[in-house]
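Please look through the structure shown here, and then follow the text as it moves from a group of aromatic rings to the surroundings of the ligand.

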Amino acid sequence: MASILGFGGYAPERVMTNDDWAALIDTSDEWITTRTGIKKRHFASDDEATVDLAGKASLVALEDAGLTSEDIDEIIVATDTPEAYTPDTASFLQHYLGCREVPAYDLGGSGCAGFVQALDVARARLLLEPKRILVVGVELISRLMSWEDRSFCVLFGDAAGAVVVARDGGAAELVHVVAGTDGSQTDILTLKTGGTRHPFNAESLASGAFNHLDMDGKRVFREAVHRMSQAVVDVTGHIGKGVADVDLVIPHQANKRIIDAVQQKMGVDDSRVFVNVHDYGNTGSATVPFALWEALGKGRISEGDLVVLTAFGAGFHWAAAALQF
Ligand code: ACO
């Protein structure tokens, strides 16, 4: 009932290496590499904003699908770093691409799980009507994060990934999606300031709280490993398969140690896991669609393969999708 017609991705040209960070703040290539596996990340240029990244990835996905922007019937954008506070990035993207006056909306705030959740929404929308839905995961984190907080700034990068989903006719069937939320853990990964509980004001500006991400790294690590691996078990179980049947797992690329722990827990070797966090860092809701696009480009996926996307993000949210190529 849901099929992916085209895949796209975009990473900005500007590259920031670990050594570039070490020239700016008290860190080192050795610290970043051993803790995260990240060697470099891409940052948007000064004249790029979120919609530019989303638009460039979308154009690649449209071309891959053999479609134009006129063919799109709905747009869903997953992002935590939107073009503006309001309206949503999807509105900007509809205009950027020159789409018809179709429904367009964001899934915001679900962190790095946003894109897989958006796939689930697209799948449900297709039950109602045959449509071509553009689903985008995009983050431009470098513009909004603190460049002085060494615990966070070295982890992130900017990128976008996109797919076009329809009822049928594509290279990959979207067979099933599982998703869940544990809202008792909102405190372990949160950017509090700017909402109604902690509005942006002179005090938060002076203290630096306005762009400070609260993160309990060790708890995030544990939850991420548990939820991402369980989601793979759940989504494959639902379609009568097991982890042993999966040809490629594409996990959220937060850091290599989390991915290694997920792999170990599932008993999956390196040949069945796609990793690109060393080149791009954590690009939030863009990591999964961007990695999917890159995995295809690198010939890591063949016809007949069962591919599972698995992600977790602030909330805590988690989601996994099974794709049959
Ligand atoms: N360079 C050098 N030293 C640093 C840096 C840095 N960039 N950042 C922190 N440190 C220091 C700290 O100040 C601390 O020093 P101290 O012992 O003198 O106080 C020391 O390194 C250890 O700090 P920790 O925060 O305990 O480092 P840890 O080993 O836990 O690694 C990390 C941090 C990589 C974030 C880890 O907690 C982790 O992998 N967490 C998982 C969560 C994650 O990856 N989150 C990212 C996004 S979340 C998402 O995608 C949904």
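Ring pairs join Trp 21, Phe 43 and Trp 147 into a cluster, where rings of Phe, Tyr and Trp (its six-membered ring) pair if their centres lie within 6.5 Å. This is a predicted model, in which local features need pLDDT of at least 70 and side-chain atom pairs count only at pLDDT 80 or more, while totals for chains, interfaces and linings use all residues. Residues are numbered from 1 along each chain as its sequence is written, and side-chain values use heavy atoms, with hydrogens and water left out.

Across the whole structure, a search finds eight aromatic pairs. The ring centres of Phe 43 and Trp 147 are 5.4 Å apart and their planes stand at 55 degrees, so this pair is tilted, given that planes under 30 degrees apart count as stacked, over 60 as edge-to-face and the rest as tilted. Phe 43 has 0% relative accessibility and therefore counts as buried, whereas Trp 147, with a relative accessible area of 30%, is partly exposed; buried means under 20%, exposed over 50% and partly exposed in between, with a 1.4 Å probe and protein chains only.

Turning to the ligand, 25 residues surround it, and Thr 27, Arg 35, Arg 150, Asn 255 and Asn 282 come nearest (a residue is near if one of its heavy atoms lies within 4 Å). By class, this shell around the ligand holds 12 nonpolar, eight polar and five charged residues, where Ala, Val, Leu, Ile, Met, Phe, Trp, Tyr, Cys and Pro count as nonpolar, Asp, Glu, Lys and Arg as charged, and the others, Gly among them, as polar.
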